[in-house]
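Student: Could you take me on a close look at one part of this protein, the aromatic rings, and then show me how the surrounding framework is laid out? I would enjoy one connected account rather than a list.

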Amino acid sequence: MNKLLIASVILFSLASCQKTYELAPQDDFSIELEKTSYKVGEPVKFIVNGKTENIVFWSGEAGRKYEFRKRTVVEGNAISLNFKTFAQFLTPVDQSVIKLYVSTNFSGIYDAANVRAANWEEITDKAVLSSGVDQTPSGNISLNSFAERNKNMALALVYKTTVIKPETQQNRWVIRSFDLKSTNQAGEETVLATMATAGWTAFNFSGPATNWSITSAQLLTVRNSTDLDDDWVVTKQFNPNSILPDVGEPIKNISQNLTDYTRVYTKAGVYKVSFVATNANLKESVTVVKELELTITQ
């Protein structure tokens with residue numbers, strides 16, 4: 001009798017566990033629209049049918065495309081650099097002391113020997129430098145010819161003097177901003193670096209008493225009246241064809257009820273919208289993707 005009772009308890013426990021791990025079906029999950037064409041600024045109401053625990057919404061806008069959720073590299077990106085400079089304390093300005101370089105064969109080892117060993121190609125002539133005016137924009141500097149090599153890229157700013165002068169006859173150079181961007185063929189931008197995120201490393205090859213001053217807001221040269229300077233600041237390396245994977249927006253979890261979801265689009269176009277529904281437990285998960293095409297007009 002006791003054995004029969006124990007067996008019954010075990011069978012009941014197994015059945016309970018099995019039921020616990022059963023996933024709720026999603027056969028009835030669907031998305032409906034009142035219409036398929038809307039105007040810019042008009043609320044788009046998606047009707048959500050069925051029982052599902054979690055839903056992630058992919059609007060089809062730039063950075064929100066389900067098909068690009070695993071994309072990290074896109075060849076053919078346009079790479080552009082913009083920065084602003086200020087030459088202080090003296091006019092006319094000696095612009096010859098500031099150089100801008102790019103390397104696509106730098107080893108990525110940030111020591112003097114490896115910086116020296118790299119091939120640095122000068123592109124100073126592509127930039128507009130300050131003639132004494134603060135916040136002078138460099139202009140849009142295309143780095144596409146370097147990006148086409150599909151290699152990691154590093155940039156360097158160099159302050160190099162050839163004549164020792166009193167401080168009163170020298171400019172102090174300030175780099176006010178630094179913006180490196182990648183634009184793919186769809187016109188979507190990825191910020192590769194800013195002044196704060198460029199990962200600057202300073203190297204002093206001449207004039208040991210002075211070097212670049214680095215902060216998250218600016219780069220600053222230090223004037224030297226006793227030695228010739230050859231001071232470098234080098235960025236971290238960048239993959240010119242890298243891009244951040246697109247991400248969706250969670251709009252429902254297991255604790256929420258959701259019968260509709262509203263979105264407002266700000267640009268005209270045809271959008272591939274995706275709703276990704278997932279039910280999950282400790283053992284497994286089941287995902288259903290529902291997609292539809294949406295037209296937004298002016």
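Tutor: Gladly; what follows begins with the rings and then turns to the cores, the sheets and a few backbone details. Please keep in mind that this is a predicted model.

Let us start with the rings. The structure holds 13 aromatic pairs. One of them joins Phe-203 and Phe-205, whose rings are stacked, with 6.3 Å from centre to centre and 5° between the planes. The two partners fall into separate classes of accessibility: Phe-203 is buried, at a relative accessible area of 8%, whereas Phe-205 is partly exposed, at 22%. The cut-off for buried is under 20% relative accessible area, so the 22% of Phe-205 puts this residue in the partly exposed class. Phe-205 also has a charged companion, since Arg-116 lies over the face of its ring, 3.8 Å from the ring centre.

This stacked pair belongs to a wider group. Ring pairs link Phe-203 and Phe-205 with Tyr-101, Phe-106, Tyr-110, Trp-120 and Trp-232 into a cluster. A charge over a ring turns up elsewhere too: the charged end of Lys-35 sits over the ring of Tyr-38, at 5.0 Å from its centre.

Now to the nonpolar cores. In soluble globular proteins, nonpolar side chains tend to be buried together. The largest nonpolar core here has 33 residues, and those touching the most other members are Leu-81, Phe-83, Leu-143, Leu-155, Phe-178 and Leu-180. Several elements each supply at least two residues of this core: the strands β5 (78-88), β6 (98-103), β10 (154-160), β11 (172-183) and β12 (189-193), together with the helix α3 (144-147). Leu-180 gives a good view of how these parts meet. Leaving aside neighbours within four places in sequence, Leu-180 is in contact with Ile-79, Ser-80 and Leu-81, with Leu-143 and Leu-155, with Thr-190, Val-191, Leu-192 and Ala-193, and with Phe-238. A second, separate core has 19 residues, including Phe-57, Tyr-271, Ala-277 and Ile-296.

Ala-277 from that second core leads us to the sheets. Ala-277 is in β19, where it stands opposite Ile-55. Strand β4 and strand β19 (residues 269-280) run antiparallel and are joined by 5 bridges. Both are part of an open sheet of 5 strands in the order β2-β20-β19-β4-β17, with mixed pairing. The edges of this sheet are β2 (37-39) and β17 (249-252); each has a single partner strand, so one side of each is left without a neighbour in the sheet. On average, neighbouring strands of this sheet are turned by 35° against each other, direction ignored.

There is also an open sheet of 3 strands, ordered β1-β3-β18 and paired in the antiparallel sense. Its edge strands are β1 (30-33) and β18 (260-264); because each has a single partner strand, one side of each lacks a neighbour in the sheet. Here the average turn between neighbouring strands is 30°, direction ignored. Strand β3 (residues 43-49) pairs with β18 over 5 bridges, antiparallel, and Val-44 has Arg-263 of β18 as its bridge partner.

The loops deserve a look as well. Lys-65 lies in the loop between β4 (54-58) and β5. This lysine counts as buried, at 19% relative accessibility, because the limit for that class is under 20%. Apart from neighbours within four places in sequence, Lys-65 is in contact with Trp-58, Gly-60, Glu-188 and Asp-246.

Further along, the loop between β5 and β6 contains Pro-92, and the peptide bond from Thr-91 to Pro-92 is cis, with omega near 0°. Two other loop residues have a positive phi without being glycine. Gln-135 has a phi near 60° and is placed in the loop between β7 (121-122) and β8 (136-137); with a relative accessible area of 41%, Gln-135 is partly exposed. Asn-150 has a phi of about 55° and is found in the loop between α3 and β10, two elements that supply residues to the largest core. Asn-150 itself is partly exposed, with a relative accessible area of 40%.

Methods:
Residues are numbered from 1 along each chain as its sequence is written. This is a predicted model: local features need pLDDT of at least 70, side-chain atom pairs count only at pLDDT 80 or more; totals for chains, interfaces and linings use all residues. Side-chain values use heavy atoms; hydrogens and water are left out. Two strands pair if DSSP finds at least two bridges between them. Helices (H or I, at least four residues) and strands (E, at least two) are DSSP runs, numbered from the N terminus. Axes are lines fitted to C-alpha atoms, for helices over the stretch in contact, and angles run from 0 to 180 degrees between N-to-C directions. Rings of Phe, Tyr and Trp (its six-membered ring) pair if their centres lie within 6.5 Å; planes under 30 degrees apart count as stacked, over 60 as edge-to-face and the rest as tilted. Buried means under 20% relative accessible area, exposed over 50%, partly exposed in between (1.4 Å probe, protein chains only). A charge sits over a ring if NZ of Lys or CZ of Arg is within 6 Å of the ring centre and within 35 degrees of the ring normal. A nonpolar core is a set of buried Ala, Val, Leu, Ile, Met, Phe, Trp, Tyr and Cys residues joined through side-chain atoms within 4.5 Å. Contact means heavy atoms within 4.5 Å.
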